[in-house]
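Morning, everyone. I have one structure to walk through, and I'll keep it brisk.

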Amino acid sequence: MKTYLHIDWTSCDGRGLCTELLPGVLDRDDWGYPVARGKAGRERTDVPLRDADREAAEEAVFLCPKLALSLQQRAAQEPAPRTPGGGARDTGTRH
Amino acid sequence: MSQARDTRPSAPRDGYQDAYRDDFNGTVPTAPLQAPQHASPRQEPRLLAAGPEADWARHLEAFGPWEPQAGGPGLLDALGASGLTGRGGAAFETWRKATAAAGTGKKGVFTARPVVIANGAEGEPLSFKDRTLLAHAPHLVLDGLFALGGALGGAGLYVYAPAVTLPPVQQALAERPGGKRVRVVQSPETFISGESSAVVNMIGNGAAVPTDQRRRLSESGLHGRPTLVVNVETLAQVALIARYGAPWFREAGTPTDPGTRLVSVSGPAPVRDVVLEVPGGADLSAVLAEAGMPSGSVSAVLVGGYHGRWVRPAEHALSPVGPPARTVRPGAGVIHALGTDACGIQATAGIVSYLAGQSARQCGPCMFGLPAMASVLNRIAGGERNPRLTAELDRLGRLVSGRGACRHPEGTTGLVGSALEVFAADFRAHLSGYCAAPGGAAA
Ligand code: SF4
Ligand code: SF4
């Protein structure tokens, strides 16, 4: 099992508290929203965590004012959660 | 498998294609259809074999009787053997998607009855094949919906489609047995209305915007039930597989892209919008020629729609899989050609401005990033001579990609990335002060 930090973009308001708590994991973009460092594609929405970052991530989940963060446990090789539900506009990753 | 084979009548007969071609022009409100007439990509009509606006009687006459048990558990095996992939954009294997929804309802104490939603929302401005299919072959789509619902053990059934297609769907439901079981929900005409979580959200809550998905729709979708959102053309293909079996399905197309697909083809005037049914792996140039655009008449082609990519009209197979240099993913089947006198940068700027406006404005990176990309593109298209603009466009694309509740950001980025590649010379020209296209606006 691997732990992922899930970002609910529909709730996040980009004030950036999480980026202060997890500076090694999350950077801020031009508008203040978190960007997973060194990750591409959907790993920027479901961010794989190292064990060392887990505790800080739990704190970020607890302190996020918009309740936009959650931790998820998934088998490491499982594809990102969106894929099988995919429909019309769900055009897959292109990079 | 066996049940799928049991229902197999004679394959579609010859003869009605002609009728369908003759009656065709002018009798329908939607884009005209054409039966391919010569050379590759020659394909006998399958999905539209019953002709224009086929009612229940004509549908049965063309495709053979419909046995409700076509939707037995064997159907999922037949779908697996057929290799059918979704025709709404994602090209995910249909059997895998269906099996996911079939499997999850059995977990836990309660068995949640699954839901199958026929998705006819076609927010993509250049796409019209789904409304054409619903206008002419609504019963084939409904056959597929009933079959898949049956294979999932009696799922709740919905049709989600835009206003223009509701009359034929409602008429079809009224004239066929069991039609009352299907609920019909109107989709709004927005780009994002067909995204699968937006579909579920609209039916459940009346808001056609995507939702954050901690859980898959196949586990917890409409009202918490395992939910399968399936494009209407995919369902029509399911109906054919339920009737004639996987081997028949695979007689068209290639081993890696079996079967046929509908494509919405458009291009510079006087080319008319047309829906074609082409075999899997069809050659893009041949499809364009079939639609009245011989090689040399177009400069670039947008394939897959506004979340697709630009390619030169060279040798490209239309297929979800294959070597990237010679393959282009058909997505939801949109093929739009640019005339030789049009500016690809202006065209892309127009599309990205539209996409920025169609952001559901829920997710920060999408809400701010897409308008920023549109603005940079418009500055380049308008002739601003700042060599850093293309690098900025590239940077913004990388920044927003993967960061939204739906794939709108990376879909947009993919399109812009392909424009930077295919129109590289035009970008250089614009940034040094001229537009290579006669109609261009660079100063
Ligand atoms: S703390 Fe929460 S709301 Fe603030 S930027 Fe991070 S995820 Fe967004
Ligand atoms: S990514 Fe954009 S289009 Fe998709 S849900 Fe978020 S704001 Fe809406």
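A definition before anything else. By polar contact I mean a pair of N or O atoms within 3.5 Å; within protein, one must be able to donate a hydrogen and the other to accept it, and residues adjacent in sequence count only if both atoms are side-chain atoms. Keep in mind that this is a predicted model.

With that rule, look inside chain B, at domain 1 and domain 2. Eight residue pairs are in polar contact across their interface, both partners at pLDDT 80 or more. Salt bridges there: zero. On the domain 1 side, α6 (129-136) and α10 (232-244) of chain B each give two or more residues. The largest share comes from α6(B), with three residues. By class, that side of domain 1 has ten nonpolar, six polar and six charged residues.

Now the extent of that contact. Domain 1 of chain B puts in 22 residues, and domain 2 of chain B puts in 22 residues. About 1,700 Å² is buried between them, and carbon and sulfur atoms give 63% of it. Which residues of domain 1 lose the most area to domain 2? They are B:Leu126, B:Phe128 and B:Lys129, together 36% of what that side buries. The two domain centres, taken over C-alpha atoms, are 25 Å apart.

For orientation, the full division of chain B is domain 1 (19-24 + 44-249), domain 2 (260-339) and domain 3 (344-431).

Next, the chain B to chain A interface. Chain B contributes 49 residues and chain A contributes 36 residues. The buried area is about 3,800 Å², with 49% from carbon and sulfur atoms. On the chain B side, three arginines lose the most area: B:Arg214, B:Arg216 and B:Arg407, together 22% of what that side buries.

How many salt bridges are there between chain B and chain A? Four. One pairs A:Arg42 with B:Glu410, at 2.7 Å, N to O. Twelve residue pairs are in polar contact between these chains, both at pLDDT 80 or more. Helices α14 (364-381), α15 (389-400) and α16 (408-422) of chain B each supply at least two residues to the side that touches chain A. α14(B) gives the most, six residues. That side of chain B divides into 18 nonpolar, 18 polar and 13 charged residues.

Last stop, ligand 2. Its surrounding residues include B:Cys363, B:Cys366, B:Cys406 and B:His408. B:Arg361 is also among them. The shell has seven nonpolar, four polar and one charged residues.

How values were computed
Residues are numbered from 1 along each chain as its sequence is written. Chains are lettered from A and ligands numbered from 1 in the order in which they are written. This is a predicted model: local features need pLDDT of at least 70, side-chain atom pairs count only at pLDDT 80 or more; totals for chains, interfaces and linings use all residues. Side-chain values use heavy atoms; hydrogens and water are left out. Contact means heavy atoms within 4.5 Å. Buried area is the accessible area (1.4 Å probe) that two parts lose on being put together, summed over both. A salt bridge is a side-chain nitrogen of Lys or Arg within 4 Å of a carboxyl oxygen of Asp or Glu. Helices (H or I, at least four residues) and strands (E, at least two) are DSSP runs, numbered from the N terminus. Ala, Val, Leu, Ile, Met, Phe, Trp, Tyr, Cys and Pro count as nonpolar, Asp, Glu, Lys and Arg as charged, and the others, Gly among them, as polar. A residue is near a molecule or strand if one of its heavy atoms lies within 4 Å of it. Domain bounds come from an automatic or database domain assignment.
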